[in-house]
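Grab a coffee and work through these exercises with the structure open beside you. Try each task before you read its solution.

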Amino acid sequence: MQGDFLTWLPAAGQSFDKIVMNPPFSNGRALLHVRRAHSMLAPKGQLVALVPASAGRVLESENGFELVELLDKDSFPGVSIDLALVASKRQS
């Protein structure tokens, strides 16, 4: 897709079985993007996201999200913050 993901509207009835994402990190946008993507999951759909560790901990406290792994800032070249891999499977 092109444009602002937070304002993008999927076609009527459109949902997604799988979403893999690396959302923008600045200004708390990772949480906004992950929550928005989660709302677009089909029943039994799965989401996996690489987010700042702080966002991963917030998502872990929310129903439906699992913090899969914390990653040190040295896990990827050029990254200056700790990261988290989070996952969710929509129940209905």
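Before starting, one term: two residues are in contact when heavy atoms of theirs lie within 4.5 Å. Keep in mind, too, that this is a predicted model.

**Exercise 1. Work out the order of the elements and the overall dimensions of the protein.**

Step 1: Count the elements. The protein has 2 helices and 4 strands.

Step 2: Walk along the chain. Starting at the N terminus, you meet them in the order β-α-β-α-β-β.

Step 3: Check the dimensions. Along the principal axes, the C-alpha atoms fill a box of roughly 40 × 30 × 20 Å. A compact globule of 92 residues would have a radius of gyration near 12 Å, and the 13 Å of this protein agrees with that.

Step 4: Look at how the chain meets itself. If you take contacts between residues at least 6 apart in sequence, 63% of them join residues at least 24 apart.

**Exercise 2. Find which faces of α2 are turned inward, and what they pack against.**

Step 1: Pick out the buried residues, using under 20% relative accessible area as the cut-off. In α2 these are Ala-53, Ala-55, Gly-56 and Leu-59.

Step 2: Look down the helix axis. The buried residues of α2 fall within an arc of 155°, so they line one face of the helix. As a reminder, an α-helix has 3.6 residues a turn, so residues three or four places apart point the same way.

Step 3: Find the partners. The buried residues of α2 pack against α1, β2, β3 and β4.

**Exercise 3. Identify the residues that touch the most other members of the largest nonpolar core.**

Step 1: Collect the core. It holds 18 residues, and Met-21, Val-34, Leu-47, Ala-49 and Val-51 touch the most other members.

Step 2: Ask where the core residues come from. Two or more are given by each of β1 (16-21), α1 (29-39), β2 (41-52), α2 (53-60), β3 (65-71) and β4 (83-89).

Step 3: Zoom in on Leu-47. Leaving aside residues up to four places away in sequence, Leu-47 touches Ile-19, Met-21, Val-34, Ala-37, His-38, Leu-41, Phe-65, Val-86, Ala-87 and Ser-88.

Step 4: Put it in context. Nonpolar side chains tend to be buried together in soluble globular proteins. Across this protein, buried residues make up 35% of the 92 residues.

**Exercise 4. Track down the salt bridge and say which parts of the chain it links.**

Step 1: Search the whole structure. You get 1 salt bridge.

Step 2: Name the pair. Glu-62 bridges to Arg-35, with the closest N and O atoms 2.4 Å apart.

Step 3: Place both ends. Glu-62 sits in the loop between α2 and β3 and Arg-35 in helix α1, so the pair links distant parts of the chain, 27 residues apart.

Step 4: Check exposure. Glu-62 is partly exposed at 23% relative accessible area, and Arg-35 is partly exposed at 35%.

**Exercise 5. Where do Asn-27 and Lys-44 lie, and are they buried or exposed?**

Step 1: Start from the backbone. Asn-27 has a positive phi of about 55° without being a glycine, and phi of Lys-44 is also positive, near 70°. Most residues other than glycine have a negative phi.

Step 2: Locate them. Asn-27 is in the loop between β1 and α1, while Lys-44 is in strand β2.

Step 3: Read the exposure. Asn-27 is exposed, with a relative accessible area of 74%, and Lys-44 is exposed too, with 52%.

How values were computed: Residues numbered from 1 in each chain as written. Predicted model: local features only at pLDDT ≥ 70, side-chain atom pairs only at ≥ 80, totals over all residues. Heavy atoms only, no water. Core = buried A, V, L, I, M, F, W, Y, C linked by side-chain atoms within 4.5 Å. Buried < 20%, exposed > 50% of the residue type's maximum accessible area, 1.4 Å probe, protein only. Salt bridge = Lys/Arg side-chain N within 4 Å of Asp/Glu carboxyl O. Arc of directions from axis to C-beta. Rg over C-alpha atoms; globule rule 2.2 N^0.38 Å.
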